[in-house]
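Please look through the sequence and the structure shown here before reading on. The report that follows takes up a strand, its partners, two helices and some aromatic rings in turn.

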Amino acid sequence: MIRTLLVASALTLLPLVPALAGTPPSTAPNVQQRTPSTAPTSPVWFRLADGRTIDIQHWQVVHFIRSDCPYCHRFNPVLRDMADRLGLKVFVYSFDGVGDAVFPDVLPTNDAVLEQFFAELPKVTPTDFLVNTQTLVTIPLAQGALTEVALSQRLDESFGLAVRLGVL
């Protein structure tokens, strides 16, 4: 069950997750300089358990890890494989600033990131959120190591919630 739905404003979340705007962290513009991309993009289709097909091209997973977390080591390959199959991007933060074999490129967490993402959740790893890169709507996805079946079910539930709330 999803415990909360966070709707973050672009003014607070965009500087925290520059890759959501498609810009490398070192060159991320400030919010006032950002303009939406007008380049056409191809749909990325996801079939919900109820049979509906939805376009998830503007969603990505924000994934929190620690390099020494055994649950992360177990879950990261599951997440990477699922994300690759679905065409879903994964943006990774690390509590200790270090990646692992599956996700070597990470950004270290900081107080602002932790306040935005973990306002109502315990700071444990792995923790995952679905974030819409256009609206910055953020939906908690999971905490802890999941199997492929459990991750697939959580994605279905989370995207289903986004549809029901009209934020897809």
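The sections below describe a predicted model, beginning with one strand and moving outward to its surroundings.

**Strand β7 and its partners**

In strand β7, which covers residues 127-132, 6 of the 6 residues are buried, so the strand is largely enclosed by the rest of the structure. In a regular strand the side chains alternate between the two faces of the sheet. In β7, Thr127, Phe129 and Val131 point one way, while Asp128, Leu130 and Asn132 point the other way, and all of these residues are buried.

Which strands pair with β7? Strand β4, made of residues 59-65, pairs with β7 in the antiparallel sense over 6 bridges, and within this pairing Phe64 stands opposite Thr127. Strand β8, made of residues 137-143, also runs antiparallel to β7 and is joined to it by 5 bridges; here Pro140 is the bridge partner of Phe129. β7 and β8 form a hairpin with 4 residues between them, and Leu136 in the turn has a positive phi of about 65°.

**Helices α2 and α4**

The table sets out the span of each helix.

| Helix | Residues | Number of residues | First to last C-alpha | Expected at 1.5 Å a residue |
|---|---|---|---|---|
| α2 | 70-86 | 17 residues | 25 Å | 24 Å |
| α4 | 148-165 | 18 residues | 26 Å | 26 Å |

For α2, the reach of 25 Å is close to the expected value, although a kink of about 30° lies at Asn76, shortly before the proline Pro77. The buried residues of α2 are Cys72, Phe75, Asn76, Leu79, Met82, Ala83 and Leu86. An α-helix has 3.6 residues a turn, so residues three or four places apart point the same way. The buried residues of α2 pack against β2, β4, β5, β7 and α4, and the helix is followed by Gly87, whose phi is positive, near 75°.

In α4, the buried residues include Leu151, Leu155, Phe159 and Ala162, and also the charged-named positions Arg154 and Asp156. The buried residues of α4 pack against β2, β3, β4, α2, β7 and β8. Just after α4, Gly166 takes a positive phi of about 75°.

**Aromatic pairs**

How many aromatic pairs does the structure hold? There are 11 of them. In one, the rings of Phe46 and Phe159 have their centres 5.2 Å apart and their planes at 55°, so the pair is tilted. Because Phe46 lies in strand β2 and Phe159 in helix α4, the pair ties together parts that are 113 residues apart in sequence. Phe46 is buried, with a relative accessible area of 7%, and Phe159 counts as buried at 0% relative accessibility.

Another aromatic pair is formed by Phe64 and Phe118, and it is edge-to-face, with 4.8 Å from centre to centre and 75° between the planes. Phe64 lies in strand β4 and Phe118 in the loop between α3 and β7, so this pair ties together parts that are 54 residues apart in sequence. Phe64 counts as buried at 0% relative accessibility, and Phe118 is buried with a relative accessible area of 3%.

Phe64 and Phe118 also belong to one aromatic cluster, together with Phe91, Tyr93, Phe95, Phe117 and Phe129. Two members of that cluster have already appeared in the account of β7: Phe64 as the residue opposite Thr127, and Phe129 as the bridge partner of Pro140.

Key. Residues are numbered from 1 along each chain as its sequence is written. This is a predicted model: local features need pLDDT of at least 70, side-chain atom pairs count only at pLDDT 80 or more; totals for chains, interfaces and linings use all residues. Side-chain values use heavy atoms; hydrogens and water are left out. Buried means under 20% relative accessible area, exposed over 50%, partly exposed in between (1.4 Å probe, protein chains only). Two strands pair if DSSP finds at least two bridges between them. The expected span of a helix is 1.5 Å times one less than its number of residues. The bend at a residue is the angle between axes fitted to the seven residues ending there and the seven starting there. Contact means heavy atoms within 4.5 Å. Rings of Phe, Tyr and Trp (its six-membered ring) pair if their centres lie within 6.5 Å; planes under 30 degrees apart count as stacked, over 60 as edge-to-face and the rest as tilted.
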